[in-house]
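Please walk through this model with the sequence and the coordinates side by side. The text below goes from a helix to a sheet and then to the aromatic side chains.

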Amino acid sequence: MKFKLQTISIIVLISCFLSPLLAQWKSYDGIIAIVNSQAIVKSEIDSKFKQLSKQKRIPRIKIAATRSKILDEYIERAIISEAAAEQSIIVNDTKVLNEVKKMMRNYFRGKIKLKGKKYKKYIEKIKDRLSIRMRGGILRKKDKIDRNLDQFIKYIERTRKMKFVVFFEDLRVFLKRRMVISIAIGITPPKKADAKRWYYKNLKRLGEEIWVKHILIRPRGNSFTAQRAASKKISTIRRRALRGESFEKLARTYSEDGASKYKGGDLGWVVLAKADRFFANMVNQLYRKGQISQVFKTAKGYHVVKYIARRPVSFKQVEDLIFRKLYGDNVGIQYKRWIRRKRAVSEIIIYMKNYKKSKS
């Protein structure tokens with residue numbers, strides 16, 4: 001009897017000891033890969049695959065390859081995360097939100113005027129929204145943010161084709177990758193001689209720079225009425241210019257572009273590669289000196305343009321663009337080499353069925 005009681009006690013003790021371990025292993029059932037000490041779970045791959053499937057139909061024959069490519073992306077993330085930890089690189093919410101603020105400023109520029117306090121308020125509201133979403137909660141009426149910020153978030157989700165919470169975490173990975181590249185890899189900037197060689201080799205592709213003057217009218221809001229009023233006003237101005245009134249005088253009187261208004265709307269030489277794509281597309285259709293464009297719209301508002309002249313783009317005008325391109329190309333090459341080296345020396349275990357490593 002005593003022996004039986006001892007045996008039962010031992011079994012109970014062992015069970016108590018093993019219970020948390022068994023529970024822990026149960027939570028690891030969904031592991032699809034391990035990179036050194038970091039686990040990648042199947043749900044992450046499934047979520048990303050579902051997201052891609054919504055963007056475009058993935059043929060059955062390509063499902064395994066697509067899932068393998070997604071896993072490779074997460075393996076790369078794990079390697080970056082490990083390198084960031086080694087370099088004491090921390091990308092907290094504040095750093096990510098600062099990048100969001102920059103995007104927000106670009107989005108609202110030319111649409112509405114926002115002061116610094118408003119951006120600060122918007123950032124606080126985004127933090128609240130992320131906190132609610134990450135808890136799996138639903139926005140209550142008092143949690144809802146104003147129309148302008150909602151439009152910005154919808155714009156991000158539409159252009160990035162992902163939920164804002166997912167975009168936020170992807171942005172964190174991007175910032176971490178950028179910091180790892182600058183510290184762990186170290187890239188030598190291109191020389192001026194390299195930039196000039198690229199300029200002369202690609203001169204035809206760089207196109208031209210065009211000298212134009214313009215008149216800008218900004219809508220007083222996003223409503224249809226405001227848009228129609230701005231379009232009607234600039235169309236009237238254009239007709240007056242076509243009838244012979246001085247374009248320059250009309251620009252000084254009516255244009256809402258503070259930078260060029262008092263110069264008769266003169267923008268000087270505009271490099272099409274640097275200009276807003278709608279602006280560049282319209283301006284590039286003008287060839288006759290003094291020719292006045294149709295009314296067209298950009299993110300800044302409604303424009304009408306007067307063409308003066310054109311010439312091949314100068315090296316000085318595109319020098320910074322070329323340097324950024326060459327530097328970016330070099331970063332891409334060096335980064336791929338670095339990832340290949342790090343992957344080769346990492347302990348990577350993959351449990352995914354039909355996995356096929358992506359070509360890099």
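In helix 7, the buried residues are Phe164, Phe167, Phe168, Asp170, Leu171, Arg172, Val173, Leu175, Lys176, Val180, Ile181 and Ile185; buried means under 20% relative accessible area, exposed over 50%, and partly exposed in between, with a 1.4 Å probe and protein chains only. The model is predicted: local features need pLDDT of at least 70, side-chain atom pairs count only at pLDDT 80 or more, and totals for chains, interfaces and linings use all residues. Residues are numbered from 1 along each chain as its sequence is written, and side-chain values use heavy atoms, with hydrogens and water left out.

Helix 7 covers residues 164-185, 22 in number, and spans 30 Å from its first C-alpha to its last, close to the 32 Å expected at 1.5 Å a residue. That expected span is 1.5 Å times one less than the number of residues. Helices (H or I, at least four residues) and strands (E, at least two) are DSSP runs, numbered from the N terminus. Just after helix 7, glycine 186 has a positive phi of about 75°.

The sheet comes next. Its four strands are arranged in the order 4-3-6-5, open and with antiparallel pairing; two strands pair if DSSP finds at least two bridges between them. Strand 4 (266-271) and strand 5 (296-298) are the edge strands, each pairing on one side only. From one strand to the next the twist averages 50°, where axes are lines fitted to C-alpha atoms, for helices over the stretch in contact, and angles run from 0 to 180 degrees between N-to-C directions. Strand 3 (residues 208-217) and strand 6 (residues 301-312) run antiparallel and are joined by ten bridges. Glutamate 208 faces proline 312 of strand 6. Helix 10 (residues 224-242) packs on the sheet and touches strand 3, strand 5 and strand 6, its direction making about 45° with that of strand 6; contact means heavy atoms within 4.5 Å.

Among the side chains there are eleven aromatic pairs. Rings of Phe, Tyr and Trp (its six-membered ring) pair if their centres lie within 6.5 Å; planes under 30 degrees apart count as stacked, over 60 as edge-to-face and the rest as tilted. Tyrosine 107 and phenylalanine 108 are edge-to-face because their planes stand at 70°, with ring centres 5.1 Å apart. Tryptophan 211 and tryptophan 269 have centres 5.9 Å apart and planes at 45°, so this pair is tilted. Tryptophan 211 belongs to strand 3 and tryptophan 269 to strand 4, 58 residues apart. Tryptophan 211 is partly exposed at 29% relative accessibility.
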